[in-house]
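Work through the exercises below with the sequence and the 3D view at hand. Try each task before reading its solution.

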Amino acid sequence: MRLGVIADIHGNFPALEAVLADLAAQHVDHVVDLGDRVSGPLWPRETHECLIARGIPGVRGNHDRQVGEGKRERLGPSDSHAHDAIAPAQRAFLAALPMRLDVLPGIEAFHASPGSDERYLLDDILGGRLVRASAAEIARRLGVTSAHIILCGHSHRADFVQLSGGPLILNPGSVGCPAYDDQTGWPHVSEAGSPHARYAILDLAASPLPNVELRAIPYDFEAAARQAARNGRREWAFALRTGFMPSSQA
């Protein structure tokens with residue numbers, strides 16, 4: 001059994017197409033999406049329709065919630081672009097996505113952490129950047145679970161941790177947004193360091209632990225960067241081309 005795990009597409013349709021093609025070449029049996037499907041200055045409608053056509057199940061990310069439920073006048077530029085690009089029924093679909101999902105027996109998925117779609121599970125903020133939290137802190141945030149594999153996204157930082165006496169926790173990284181700047185709360189950046197589209201494969205037949213593949217797939221990121229620039233988001237264009245934020249390169 002091979003499980004493909006995707007997350008944080010953020011409307012990057014060319015990146016999603018490249019990942020789906022690679023998934024097909026890797027002969028995965030199932031695919032699950034960990035949320036934040038459409039928010040961003042790229043191709044929200046095409047991304048949403050592709051996921052629906054493929055029947056890929058998923059959970060609701062914080063931006064899915066905001067696009068699906070938020071009032072238009074209160075949305076930021078990425079969410080408002082997605083809100084305007086997709087139909088009311090598509091927004092309602094995003095709002096109705098579950099916060100948590102039992103993907104397969106013993107495998108649980110959510111966007112960020114068990115009780116929040118915005119709080120990091122695997123990551124701390126240190127010096128304005130995301131770094132891995134301690135195992136004890138990760139276990140505290142996770143709480144009690146019967147799952148042996150936990151899937152989460154949100155930070156866009158590909159990583160996995162095996163807790164002692166607990167589950168393996170996997171973040172596959174971001175399919176379509178390799179860097180972002182978050183000025184809410186404690187300001188910080190997340191930077192993958194390259195423009196690749198990222199996802200993960202779990203080979204569940206391996207024992208005693210599953211085989212974990214963190215994959216980074218090249219795609220036409222220049223087309224995505226041009227789309228972001230056309231929609232007035234030069235910082236997105238820089239991030240899509242480089243995997244860094246311009247603010248961190250000054």
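The exercises that follow deal with helix packing and sheets in this predicted model.

**Exercise 1. Describe how helices α3 and α4 pack, and say which residues make the contact.**

Solution. Two packed helices are described by the angle between their axes and the distance between the axes. Helix α3 covers residues 62–69 and helix α4 covers residues 77–85; their axes come within 9 Å and cross at roughly 55°. Angles from 65 to 115 degrees count as roughly perpendicular and those under 35 degrees as roughly parallel, so α3 is oblique to α4. The crossing of the two helices is right-handed. On the α3 side the contact is made by H63, Q66 and V67, and on the α4 side by D79, A82 and H83. Sorted by class, this contact has two nonpolar, three polar and one charged residues.

**Exercise 2. Find the buried residues of α4 and the helices they pack against.**

Solution. Start with burial: S78, D79, S80, A82 and H83 are the buried residues of α4. Next, look at their surroundings: these buried residues pack against α2, α3, α5 and α8, the last of which spans 234–242.

**Exercise 3. Give the geometry of the packing between α2 and α5.**

Solution. Locate helix α2 at residues 44–54 and helix α5 at residues 88–96. Their axes lie 12 Å apart, and the angle between the helices is about 60°. The crossing is left-handed. R45, H48, E49 and I52 of α2 meet Q90, F93 and L94 of α5. By class, that contact has three nonpolar, two polar and two charged residues.

**Exercise 4. Trace the sheet of four strands and find the helix that packs on it.**

Solution. The strand order is β2-β1-β12-β13, in an open sheet with mixed pairing. At the edges are β2 (30–33) and β13 (211–217), each of which pairs on one side only. Neighbouring strands are turned by 25° against each other on average, direction ignored. Now take one pair: β12 (residues 197–203) and β13 run antiparallel and are joined by seven bridges. Within this pair, L202 has V212 of β13 as its bridge partner. Helix α1 (residues 13–25) packs on the sheet and touches β1 (2–6), β2, β12 and β13. The direction of α1 makes about 25° with that of β12.

**Exercise 5. Trace the sheet of five strands and name its edges.**

Solution. This open sheet has the order β3-β4-β7-β9-β8, and its pairing is mixed. β3 (100–104) and β8 each have a single partner strand, so one side of each is left without a neighbour in the sheet. From one strand to the next the twist averages 20°. β3 runs antiparallel to β4 (residues 107–110), with four bridges between them; L104 stands opposite I107 of β4.

**Exercise 6. Which residues of β8 are buried, and how is β8 linked to β9?**

Solution. In a regular strand the side chains alternate between the two faces of the sheet. Strand β8 (residues 159–162) shows this alternation: D159 and V161 point to one face and are buried, whereas F160 and Q162 point to the other and are not. The pairing of β8 with β9 (residues 168–171) is antiparallel and has four bridges. In that pairing, V161 stands opposite I169 of β9. The two strands form a hairpin with five residues between them. In the turn, G165 has a positive phi of about 70°.

Key:
Residues numbered from 1 in each chain as written. Predicted model: local features only at pLDDT ≥ 70, side-chain atom pairs only at ≥ 80, totals over all residues. Heavy atoms only, no water. Axes fitted to C-alpha atoms, helices over the stretch in contact; angles between N-to-C directions. Parallel < 35°, antiparallel > 145°, perpendicular 65-115°, else oblique. Left-handed = near helix turned anticlockwise from the far one by under 90°. Contact = heavy atoms within 4.5 Å. Nonpolar A, V, L, I, M, F, W, Y, C, P; charged D, E, K, R; others polar. Pairing = 2+ DSSP bridges. Buried < 20%, exposed > 50% of the residue type's maximum accessible area, 1.4 Å probe, protein only.
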